[in-house]
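User: Please take a close look at the ligand site in this model. Then place the site in the wider chain.

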Amino acid sequence: MERYYQPEIECASREQILAWQNERLVKQVKYVYDRVPYYRKKMEEKGVTPADVTSVADLHKLPFLTKADLRDAYPYGLCAVPISQAVRIQSTSGTTGRRVVAFYTQHDLDLWEDCCARAIMAAGGTKDDVVHVSYGYGLFTGGAGLHGGSHKVGSLTLPMSSGNTDRQIQFMCDLGSTILCCTPSYAAYLSESINERGLKDQIHLKAGIFGAEAWTEEMRRDIEKGLGIKAYDIYGLTEISGPGVAFECSAQGGMHINEDHFIAEIIDPVTEEVLPEGEKGELVFTCITKEAFPLLRYRTRDICVLKREKCACGRTHVKMSKPMGRSDDMLIIKGVNVFPSQIETILLNKGYAANYQLIVDRVNNSDTLEVQVEMTPEMFSDSVSEVTAKEKELVNAMKAMLGIYAKVRLVAPKSIARSEGKAVRVIDKRKLY
Ligand code: DLL
């Protein structure tokens, strides 16, 4: 069990971590150059050879990879091993364009599961725990990743997948689930459902490992209160392996990136210039221990800050802040940059739950934003004047934070569809025209 809290790795000195990264990067670059013609061509176009990369300090010389490259090279173009050595694929939901398909050798699966096991142990998991995995199984990495991590820790693993909320709650009560793994929006829904059924004292959860979508501190507070647990964030993306690229520890102040496997950089998303640690920008990852899908300088589009500070948990790996939105999730409404998380913060601070939807449209050549927000059962009222006053309060709060007018429509409790995976927060009708 102790294997997955690996203090010699997770608490290693900065010098030691850099030494690992330098050695692994040099090998990985040569490996990719030799095996992936698509990336070799990109290096050649930039006039870089593997000999030019002798340490992490040379990372900036390498070309970036983006989702567009993954689509161009779909399906096998970035795979660095013959099919005979790959044992698994996982894939993104692919709402627009081609899906992204990532490949794994057995060794890759092992390292990915190690990362997830570290996350479970950082959330207090041991072999005595009952780990309830309600992330989707299948192509999505959430189920497979946490499932594999839980096995490695030696916990009893419940492969629930998402959906069928009644069954989820029944198993949680009957089998005494202690750690819940799912998206934060599904955790909020489960919490709501458990409390409505008066079953809170029959559940034994102590922790939750929630990620795969943006969630605010206010949402964390609500879930922790509703389920009586400590809620830990976990981050990852299919292209880089899946969940467990970074995870939160008991300090709950950012997610430690597994720096023995991934090198993180922050860049200015417009100029592509590398920014110093501590500045906000786009997160870029370079894999240094992968066999099948070793992406170098992959632009995640996630906007965040890296912090290298002494952590109360003793881990030394750099911490990333919660992603503050994706550069491609940012809505531009009437020329103003709007992140759904800003609106969520307002709603949660004013006592609403995170059940809302943003509807963006274009009317007479001008952008419009409508925010539909569910009232909580306590707020629900038939009095038109009361509802109007509440709507006005939200309109003013949004004007103050975003600088634009948003129409607010309060809707009845439970009228916005609940999600069992990643929540659908934005409907941008402008994309349909
Ligand atoms: O969402 C992997 C995952 C599964 C992470 C389960 C955590 C838990 P994708 O479907 O490829 O992979 O989506 C990756 O989701 O680039 C972020 O924009 C977003 N994301 C992932 N984790 C977080 C998080 C999985 N903790 C994309 N907070 C990433 C905010 C997150 N956004």
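Analyst: A polar contact here is a pair of N or O atoms within 3.5 Å. By that cut-off, Ile234 makes one through its backbone: an N or O atom there sits 2.7 Å from a nitrogen atom of the ligand. All of this is read from a predicted model.

Two side chains also reach the ligand with polar atoms. Asp302 places a polar side-chain atom 2.6 Å from a ligand oxygen. Lys422 has a side-chain N or O atom 2.8 Å from an oxygen atom of the ligand. The protein buries 93% of the 610 Å² that the ligand exposes when taken alone.

Which elements give two or more residues to the shell around the ligand? They are helix H6 (141–153) and strand E7 (230–237). E7 supplies the largest share, 5 residues.

The full shell holds 21 residues. Asp233, Ile234, Thr238, Asp302 and Lys422 are the closest. By class, the shell has 9 nonpolar, 6 polar and 6 charged residues.

Now the wider chain. The domain assignment gives domain 1 as 1–326 and domain 2 as 331–432. Their C-alpha centres are 30 Å apart. How many residues of each domain are in contact with the other? Domain 1 contributes 22 and domain 2 contributes 17. Between domain 1 and domain 2, about 1,500 Å² is buried. Carbon and sulfur atoms give 52% of that area. On the domain 1 side, the residues that lose the most area to domain 2 are Tyr189, Thr216 and Glu218. Together they account for 26% of what that side buries.

Two backbone features deserve a check. Most residues other than glycine have a negative phi, and most peptide bonds are trans. Arg301 departs from the phi pattern: its phi is near 75°, a positive value in a residue other than glycine. Arg301 belongs to strand E12, residues 298–304. The other feature is a cis peptide bond between Tyr74 and Pro75, with omega about -5°. Pro75 lies in the loop between helix H4 (67–72) and strand E1 (88–91).

To recap the site: the contacts described use the backbone of Ile234, the side chain of Asp302 and the side chain of Lys422.

Notes
Residues are numbered from 1 along each chain as its sequence is written. This is a predicted model: local features need pLDDT of at least 70, side-chain atom pairs count only at pLDDT 80 or more; totals for chains, interfaces and linings use all residues. Side-chain values use heavy atoms; hydrogens and water are left out. A residue is near a molecule or strand if one of its heavy atoms lies within 4 Å of it. A polar contact is a pair of N or O atoms within 3.5 Å; within protein, one must be able to donate a hydrogen and the other to accept it, and residues adjacent in sequence count only if both atoms are side-chain atoms. Accessible areas come from the Shrake-Rupley method with a 1.4 Å probe; for residues, only the protein chains shown count as cover. Helices (H or I, at least four residues) and strands (E, at least two) are DSSP runs, numbered from the N terminus. Ala, Val, Leu, Ile, Met, Phe, Trp, Tyr, Cys and Pro count as nonpolar, Asp, Glu, Lys and Arg as charged, and the others, Gly among them, as polar. Domain bounds come from an automatic or database domain assignment. Contact means heavy atoms within 4.5 Å. Buried area is the accessible area (1.4 Å probe) that two parts lose on being put together, summed over both.
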